[in-house]
Amino acid sequence: MQMTTIDDVARAAGVSVSTVSYALSGKRPISAATRTRIERAVQELDYRPHAGARALASARTNVLALMAPLRVDVNVGVIMQFVTGVVTRAQYFQHDVLLLTQDDHAGVERVAAGSMVDAVIMMDVEADDPRLAILRRQRQPAVLIGLPRDATGLSCVDLDFEAAARTAVAHLTGLGHRAIALLGSPQTVLDRHTTYAARLVHGFDDETSRRGLNAVFEPTESSHAGAVLALDRAFARLPRLSALVVHNEAALPGVLASLRERGLRVPQDVSVVAVCPQDVAVGQPQQLTAVDIPAVRIGGVAVEMAMGRLERDDPAETRLISPVLTARESTGPAPA
């Protein structure tokens, strides 16, 4: 039985071979009527383009690599929101996603050095990340979800975490709070110089200092016990504490429970602002005022930046997403 070719599809649809190719690859816009004729011809003729030949002709694999190390100190639920954003947007561009979850620098080089993927998207970026030198040596463009100290030659996208901290502090200050604590990422994340955590702490310290507030920062382990210990330290250092900024999704339930155990009401005695995805904020027993981490959106933007580098040779750039705070029942005026 003779195999259907792209020429057969072009003849059946009454268009050129190049038009069929553009319609299938999505590289150029095709009118709706023409696309409909081509899709009907493909279906009627049962045309199946050979993946190897297509990759050879275009020097593309239609695969993106996503490096998302599942370390013990990361919140897997939040990481998977970023993954969802990447996978969903990649589908729009007719790309699959190769997910790498090992904390293995050799794996970075192995994937990028070959012809397995068209571009690389990397998460959990450190200030002086050793993986960046590997990415700069490869022919594929790379997009970072994060902001290293030196991003030369690499595209970056992330929430503006410094601005997120400033936004939370401004909201609490507007309610009259003058003694605020930040319960942040675990110490291991800070020791690794993961940039989102450090940038949020820097924004908090800078904004509370600028406003002349009494403020403390406490690293917080991602557990109920870690939340209790962090609160103990915060109240010991700041006895008149009336507001919390919490940047640790896993510790949030423990923070709220520990406040209840202390006989403190939210927000009458202590106001709470979370920096987290909105579903985490509204999923607590008490819906939290929150600065959103738009993980799905950021993942999608990372794909768009990668495709821009591939399709249009866009220059490397950095995009910081402006923070949005949604006020809910966990914040109120400072107690008299």
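Two residues are taken to be in contact when heavy atoms of each lie within 4.5 Å. On that basis, in this predicted model, residues 24 or more positions apart supply 71% of the contacts in the protein chain that have a separation of 6 or more. The chain holds 14 helices and twelve strands, and its C-alpha atoms fill a box of roughly 80 × 40 × 35 Å along the principal axes. Of its 336 residues, 51% count as buried. The accessible surface amounts to about 15700 Å², and carbon and sulfur atoms account for 53% of that area.

The strands are a good place to begin a tour of the fold. One open sheet is built from six strands in the order E2-E1-E3-E4-E5-E11, and its pairing is parallel. Strands E2 and E11 (318-321) occupy the edges; each has a single partner strand, so one side of each is left without a neighbour in the sheet. On average, neighbouring strands here are turned by 20° against each other, direction ignored. Within this sheet, E1 (residues 63-67) and E3 (residues 119-122) run parallel and are joined by four bridges, with Leu 64 standing opposite Ala 119 in E3. Helix H5 lies across E1, E2, E3 and E4 (142-145), and runs at about 155° to E2.

Another open sheet also has six strands, in the order E7-E6-E8-E9-E10-E12, but its pairing is mixed. Its edges are strand E7 (214-219) and strand E12 (325-326), and because each has a single partner strand, one side of each is left without a neighbour in the sheet. Strand E9 is joined to E10 (residues 289-292) by four bridges, and the two run parallel. Val 275 stands opposite Val 291 of E10.

Turning to the interior, the largest nonpolar core has 49 residues, of which Phe 82, Ile 121, Ile 145, Val 157 and Val 245 touch the most other members. Helix H14 (residues 295-312) is the largest contributor to this core, giving nine residues. A second, separate core of 27 residues includes Leu 231, Ala 251, Cys 276 and Leu 288. As for Val 245, its contacts beyond four places in sequence are with Ala 168, Leu 172, Ile 180, Ala 181, Leu 182, Leu 183, Phe 204, Val 273 and Val 275. Two of these names recur elsewhere in this description: Val 275 is the residue opposite Val 291, and Phe 204 is among the buried residues of helix H10.

Helix H10 itself has 16 residues and spans 22 Å from its first C-alpha to its last, close to the 22 Å expected at 1.5 Å a residue. Its buried residues are Thr 195, Ala 197, Arg 199, Leu 200, Val 201, Gly 203, Phe 204, Glu 207 and Thr 208. As general background, an α-helix has 3.6 residues a turn, so residues three or four places apart point the same way. Just after H10, Gly 212 adopts a positive phi of about 70°.

Leu 190 offers a second close-up of this region. This residue is found in helix H9 (residues 187-191). With a relative accessibility of 18%, Leu 190 counts as buried because the value falls under the 20% cut-off. Beyond four places in sequence, Leu 190 is in contact with Ser 185, Ala 197, Ala 198, Val 201, Phe 217 and Pro 219. Of these, Ala 197 and Val 201 are among the buried residues of H10. Leu 190 and Glu 126 are 64 residues apart in sequence, while their C-alpha atoms are 9.6 Å apart in space.

A few backbone features also deserve a look. Most residues other than glycine have a negative phi, and most peptide bonds are trans. Gln 94, although not a glycine, has a positive phi of about 60°. It lies in the loop between helix H5 (76-92) and strand E2 (96-100), and at 41% relative accessibility it counts as partly exposed. His 193 likewise has a positive phi, near 60°. This histidine sits in the loop between H9 and helix H10 (195-210) and counts as partly exposed, with a relative accessibility of 49%. Finally, the peptide bond from Val 266 to Pro 267 is cis, with omega near 10°. Pro 267 belongs to the loop between helix H12 (252-261) and strand E9 (271-276).

Conventions: Residues are numbered from 1 along each chain as its sequence is written. This is a predicted model: local features need pLDDT of at least 70, side-chain atom pairs count only at pLDDT 80 or more; totals for chains, interfaces and linings use all residues. Side-chain values use heavy atoms; hydrogens and water are left out. Buried means under 20% relative accessible area, exposed over 50%, partly exposed in between (1.4 Å probe, protein chains only). A nonpolar core is a set of buried Ala, Val, Leu, Ile, Met, Phe, Trp, Tyr and Cys residues joined through side-chain atoms within 4.5 Å. Two strands pair if DSSP finds at least two bridges between them. Axes are lines fitted to C-alpha atoms, for helices over the stretch in contact, and angles run from 0 to 180 degrees between N-to-C directions. The expected span of a helix is 1.5 Å times one less than its number of residues. Accessible areas come from the Shrake-Rupley method with a 1.4 Å probe; for residues, only the protein chains shown count as cover.
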